[in-house]
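This note concerns the side-chain contacts of the model shown below. Please read the points with the coordinates open.

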Amino acid sequence: MKIGIIGAGNIGGNLTRRLTALGHDVSVANSRGPHTLTALAEETGATPVPVEEAARGAQVVVVTIPLKAVPGLPAGFLDGAAADVAVIDTGNYYPQQRDGRIAEIEDGLTESRWTERQIGHPVIKAFNGTYAQDILDKPQPKGTPGRVAVPVSGDDEAAKQVVRDLIDELGFDTVDNGGQDDSWRQQPGTPVYGNAGDVDAIRAALAAASQERTADWRA
């Protein structure tokens, strides 16, 4: 597939490594410009591009940048993507550590729903609670006992299936966490966040989540 990745930090960089290794055509962008991605491009074969071009022709776009940077994405950055593009949101709200106060989230809007409103497109929430190194170290063949599972939330069922199939190809099982109104179950501070369990463990962690945001995760 043609895949665009916006953000070349730990998650974005390791997804670039794995997806290119699987044979996908990956374009990668960051806020500092393509010239800063030369080493990653040489290592992986990915194409470094400006953010405005990352989604061009893409069937999947991964947005993996700090939440506070999402409103600064270029207007229309998804215009050149495939009509049925699946947009993966790996983001998390870290009000004390990085993002500052975002009133709508503090008032109860889920983090990915907020991101949808900023970019004007539905997203599929995935990999937000995954340690970046696990993307490289923990893939296993389908059917392997104890295979790590990734929770996935989103309202667009077709896009969600594309993302789940891609995650399976990357070497992980998935657990459907419902739509974006339920995506609070996989936000920071919940039992599933940072959990590298299998399908049963992830289902149990999602079920045990509380919608109340603890003090550590509030502005």
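The numbered points take up the annotated domain, the salt bridges and the aromatic pairs in turn.

1. Status of the model. The structure is a predicted model, and the remarks below should be read accordingly.

2. Annotated domain. The unreviewed UniProt entry carries the annotation "domain: Pyrroline-5-carboxylate reductase catalytic N-terminal", which covers residues 2-93. In the model, this span is 21% helix and 22% strand. The C-alpha atoms at its two ends are 28 Å apart.

3. Salt bridges in total. How many salt bridges does the structure hold? The count is 13. Three individual pairs and one network are discussed in the next points.

4. Arg98 and Asp99. A salt bridge joins Asp99 to Arg98, with 2.9 Å between the closest N and O atoms. The two partners fall into separate accessibility classes: Asp99 has a relative accessible area of 10% and is buried, whereas Arg98, with 29%, is partly exposed. The class of Asp99 follows because its 10% is under the 20% limit for buried residues.

5. Glu111 and Arg213. These side chains form a salt bridge with an N to O distance of 3.1 Å. The contact links distant parts of the chain, 102 residues apart: Glu111 belongs to helix H5 (residues 111-119), and Arg213 to the segment after helix H8 (199-207). Are the partners buried or exposed? Glu111 is buried, at a relative accessible area of 0%, and Arg213 also counts as buried, at 16%.

6. Arg147 and Asp168. Here the N to O distance of the salt bridge is 2.7 Å. Asp168 is placed in helix H7 (residues 157-170), while Arg147 is in the loop between helix H6 (132-137) and strand S7 (149-152); the pair therefore ties together parts that are 21 residues apart in sequence. Arg147 is buried, with a relative accessible area of 2%. Asp168 is partly exposed, with a value of 24%.

7. A shared network. Which residues are joined by salt bridges that share partners? Arg113, Glu116, Asp155 and Asp181 make up one such network.

8. Aromatic pairs and the first contact of Trp217. The structure contains two aromatic pairs. In one of them, Tyr94 and Trp217 are tilted, with 5.8 Å from centre to centre and 45° between the planes. Tyr94 lies in the loop between strand S5 (86-89) and helix H3 (95-99), and Trp217 in the segment after H8, so this pair ties together parts 123 residues apart in sequence. Tyr94 is buried, with a relative accessible area of 17%; Trp217 counts as buried at 16%.

9. Tyr193 and Trp217. This aromatic pair is edge-to-face, with a centre-to-centre distance of 6.1 Å and an angle of 70° between the planes. It is classed as edge-to-face because 70° is over the 60 degrees required. Distant parts of the chain are again linked, 24 residues apart: Tyr193 is in the loop between strand S8 (173-176) and H8, and Trp217 is in the segment after H8. Tyr193 counts as partly exposed, at 27% relative accessibility.

10. Ring cluster. Taken together, the ring pairs link Tyr94, Tyr193 and Trp217 into a cluster. Trp217 takes part in both the tilted pair and the edge-to-face pair. The segment after H8 thus supplies Trp217 to the ring contact with Tyr94, and Arg213 of that segment is paired with Glu111 of helix H5.

Terms used
Residues are numbered from 1 along each chain as its sequence is written. This is a predicted model: local features need pLDDT of at least 70, side-chain atom pairs count only at pLDDT 80 or more; totals for chains, interfaces and linings use all residues. Side-chain values use heavy atoms; hydrogens and water are left out. A salt bridge is a side-chain nitrogen of Lys or Arg within 4 Å of a carboxyl oxygen of Asp or Glu. Buried means under 20% relative accessible area, exposed over 50%, partly exposed in between (1.4 Å probe, protein chains only). Helices (H or I, at least four residues) and strands (E, at least two) are DSSP runs, numbered from the N terminus. UniProt positions are given in the numbering used here, feature names are shortened, and annotations may be inferred rather than shown by experiment. Rings of Phe, Tyr and Trp (its six-membered ring) pair if their centres lie within 6.5 Å; planes under 30 degrees apart count as stacked, over 60 as edge-to-face and the rest as tilted.
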